[in-house]
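Hi there,

Here is the structure I promised to hand over. Have a look at it first, and then read on for my notes.

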Amino acid sequence: MTDDLGLPGRRELPPEVLDNLRMSLREGMGKPVRRRWPIVAAAAAVVAVLAGALVTTVLVRDPDVPGPAPANPDFALDLPKAIPAMDRCWAAIRAQNRTAGFPAREEWVPQFTVVPSWTSVTVVAVKAGDKVFFCETTEMTVTVSDPNAAPSYAAGTKAAALLMSRNGTVAGVADPGWTGMEIFSRAADFTVTSDVKVFRNGNLFVELSQFKPSRTTYSVGPYTGEPGDGVNVAPYGLPPAPEPAVTSIDRPPPSVPGRDTPAGEFFRTCVAGATETLPDEDGYQAGTLLEGDDVKVVVGRFGERSVVCQGGLGYREGTSEHYRVFADTNTDPRPVNKLRTETLGGSEQGLPGRAKNPFIGTVPRTAATVKLDFGAGKKVDAAVTEGTFAIWRPDGIDTENPDAQVGVVVLDAAGAMLHQGTLPLY
């Protein structure tokens, strides 16, 4: 019959395709797969046979990694980020002699990744057999949740945190009845509400908070997208997560100059006192230090990342010290950049004294001087330390225009111009 239709005759599938079909079937049944020999070309195959014709679609996959669970539309799996992250987590587990509590590395199946551009944190949700855990890495550190720890569920729910890291990661399982959830994060001066997607295969979630979990209380509830639903009505307190199985600095920088200077000393004090997180804080090099009226401001740099930390007794009400971290979340690298800050003192912070407004930025590390023109004859020269500058914004300038610009000229030590342009006043 097939000869009459002019279709090709029946053909046997190549051995590597048959082998991968068998492995894909076993993975779909939730059983770990052990590769016994390398696969050169590929992986899962979808085969349809119609009237003797063979149609095959081949999807390329890393030969040493079991395939992930079926995709959820709200989640992504970045294998080029997930594989090295899991390798680092496994190396840290081995270095701390914790392998007995974990499935073998070849059984780890990444479910999804969280890789935001505004932070150095990467989180991989991992399944291995009936175990679920989270692998968190930064440029310097590794943190792995304990797959054997008993979760502490929020009262009246099946939601629990499995990992709360010093970098702000809150990850765990949502109640199976929730298609989405909300997290309320309450710190000393802030309350933030976040809509969190739920990964359906296991009801997993990951929230990257900008607050230190040690100084934050969390509550959770269902979210359906309608005002007044779920957690907006009756949030459930989320107990702390179990201690991580592994926390280590596996990639320390060779050296961090300037940490024994006044700027470096204040940087440590400020970051430790702030509610906000700063991943890889030990890798930041302290730059320019700005002082005045019981307050200080310091700039830090770690590679291409920048941060401002400010605080002191004169920051808020004047009766206690207060500190804040403002990380630069700009994902578009520029040679000259203004960093985010906040007014210190004055009526804006509940103090009778004059408010002080820092004007802070980063420039090429070869720069020596920054000339700033605020208009109305207000010109200031700022010295540069480790590619950073910081001054107090002068009085008597136009502060009503939200689009106001500041002229900027950057010079090197020989007086040659490196950059000329403008920066936003705000």
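Below is what I found, starting with a pocket and moving on to two residues. Please keep in mind that this is a predicted model.

The pocket first. The largest one has a volume of about 520 Å³. Its lining is made up of 29 residues, and W118, Q210, T277, A327 and T329 sit closest to the centre. By type, the lining holds 12 nonpolar, 10 polar and 7 charged residues. Four strands each give at least two residues to this lining: β10 (191–197), β11 (204–208), β17 (305–312) and β18 (322–327). The largest share, 4 residues, is supplied by β18.

Next, a lysine to look up. K356 belongs to the loop between β19 (337–338) and β20 (358–362). Is K356 buried or exposed? Its relative accessible area is 10%, so K356 counts as buried, the cut-off being under 20%. Beyond its neighbours within four places in sequence, K356 is in contact with G292, D293, V295, T343, L344 and W392.

Last, a tyrosine in another loop. Y223 is found between β12 (217–222) and β13 (236–238). With a relative accessibility of 25%, Y223 is partly exposed. Setting aside residues up to four places away in sequence, Y223 touches T179, G180, M181, E182 and D195. Of these contacts, D195 is worth finding on screen: Y223 and D195 are 28 residues apart in sequence, and their C-alpha atoms are 7.3 Å apart in space.

Happy browsing, and best wishes

Definitions and conventions. Residues are numbered from 1 along each chain as its sequence is written. This is a predicted model: local features need pLDDT of at least 70, side-chain atom pairs count only at pLDDT 80 or more; totals for chains, interfaces and linings use all residues. Side-chain values use heavy atoms; hydrogens and water are left out. On a 1 Å grid over the protein atoms alone, a cavity is a set of points where a 1.4 Å probe fits but cannot get out, and a pocket is an open set with protein on both sides within 12 Å along at least five of seven lines; lining residues have an atom within 4 Å of a point. Grid points are joined across faces, edges and corners, and a volume is the space filled by probe spheres set on the points. Ala, Val, Leu, Ile, Met, Phe, Trp, Tyr, Cys and Pro count as nonpolar, Asp, Glu, Lys and Arg as charged, and the others, Gly among them, as polar. Buried means under 20% relative accessible area, exposed over 50%, partly exposed in between (1.4 Å probe, protein chains only). Contact means heavy atoms within 4.5 Å.
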